[in-house]
Amino acid sequence: MLLILASIVVGAVVGSFVGAALVRLPDGRSVVSGRSSCDSCDKQLTARELVPVVSWLIQRGVCRGCGAEIGGWQLGAELGGAAIGALAAALSFFPFAAMVMGWQLLLIALLDFRHMWLPRVLTLLLGASGAMFMTLWSVQARDPMMLAEALIGGAFGFAILWLAAQLYERLRGREGLGGGDPPLLGAIGLWLGPLGVIHTLLLASLGGLAVAGVMHQMGRQIKTDTALPLGTLLAAAAWPIILWQGLV
Ligand SMILES: [Zn+2]
């Protein structure tokens with residue numbers, strides 16, 4: 001219980017960094033350096049204004065200095081981070097690893113959704129941290145197959161989307177996939193192995209169909225070239241699967 005509570009708090013703090021990154025990374029600004037300040041008026045935030053979720057609710061989503069809207073994204077990122085912490089602590093055999101993966105996927109999913117942008121460095125970090133955990137576990141369990149499975153998963157995840165992209169281009173004569181999607185599924189494959197890649201693709205496809213269905217219901221036209229952020233779908237699908245892999 002204590003672990004779950006602590007994970008919620010840490011998750012909300014990580015989520016507030018994710019929210020800041022969501023605004024700052026697309027502008028090429030740093031998230032780590034510099035004191036926390038308002039993105040509109042540069043007012044430095046006091047300790048009371050830095051409490052995740054609570055500050056947002058008390059201030060009703062506006063800056064105390066200039067009244068600029070802080071936006072639901074910030075709150076969403078903080079709640080998402082907290083939820084990832086809680087679920088990982090409650091459900092996963094490897095809560096820390098599941099959180100590290102989940103928080104990275106949260107940032108990737110939100111960035112791709114909001115800006116259709118999948119920064120290569122984030123994909124690289126996701127893959128590197130996956131490879132690191134798999135190496136540690138492989139050494140600890142004296143089971144080289146674990147590491148081999150991770151590497152096969154990485155190669156498989158990259159290759160399957162890369163091939164799909166090539167095929168689509170051949171047939172349709174235009175790009176059907178963002179260039180960042182094959183590396184992202186490769187990084188996910190390092191965490192989940194080849195079977196996990198297949199599960200991720202299936203779940204992401206179901207998610208895509210569900211989103212398309214909702215868009216259709218809302219009266220938006222779906223055409224063959226309607227772009228859904230595949231990175232968001234993949235990231236959102238991959239995380240439940242690592243939890244599920246830990247349960248079976
Ligand atoms: Zn302000």
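These legends walk through several views of one predicted protein model.

Residues are counted from 1 along each chain, in the order in which its sequence is written. Because the model is predicted, local features need a pLDDT of at least 70 and side-chain atom pairs count only at pLDDT 80 or more, while totals for chains, interfaces and linings use all residues.

**View 1. The whole protein, built from helices.**
Here you can find 8 helices and 0 strands; helices (H or I, at least four residues) and strands (E, at least two) are DSSP runs, numbered from the N terminus. The radius of gyration, taken over C-alpha atoms, is compared with a globule rule of 2.2 Å times the number of residues to the power 0.38. The protein has a value of 19 Å, close to the 18 Å that the rule gives for 248 residues, so it is as compact as a globular protein of that length. Its C-alpha atoms fill a box of roughly 55 × 50 × 35 Å along the principal axes.

**View 2. How confident the predictor is.**
The pLDDT is the predictor's confidence in each residue, from 0 to 100. The protein averages 91, and 96% of the residues score at least 70. Among its elements, helix H2 (residues 54-58) has the lowest mean pLDDT (90) and H5 the highest (96).

**View 3. Two domains and the core between them.**
Domain 1 covers 1-91 and domain 2 covers 119-248, with bounds from an automatic or database domain assignment. Their C-alpha centres lie 27 Å apart. The largest nonpolar core has 48 residues, and Val18, Leu106 and Ile188 are among those with the most contacts inside it. Such a core is a set of buried Ala, Val, Leu, Ile, Met, Phe, Trp, Tyr and Cys residues joined through C-beta atoms within 7 Å. Helix H4 gives the largest share of this core, 13 residues. Both domains contribute residues to the core, so it lies between them.

**View 4. Helix H6 and its neighbours.**
Helix H6 (residues 144-172) has 29 residues and should span 42 Å at 1.5 Å a residue, which agrees with its end C-alpha atoms being 42 Å apart; the expected span is 1.5 Å times one less than the number of residues. Buried residues in H6 include Glu149, Gly153 and Phe158, where buried means that 20 or more other C-beta atoms, placed from the backbone, lie within 10 Å of a residue's own. The buried residues of H6 pack against helix H5 (120-140) and helix H7 (181-217), with contact meaning C-beta atoms, placed from the backbone, within 7 Å. Just after H6, Gly173 takes a positive phi of about 75 degrees.

Conventions
A residue is buried if 20 or more other C-beta atoms lie within 10 Å of its own, exposed if 12 or fewer, and partly exposed in between; C-beta atoms are placed from the backbone. Two residues are in contact if their C-beta atoms, placed from the backbone, lie within 7 Å.
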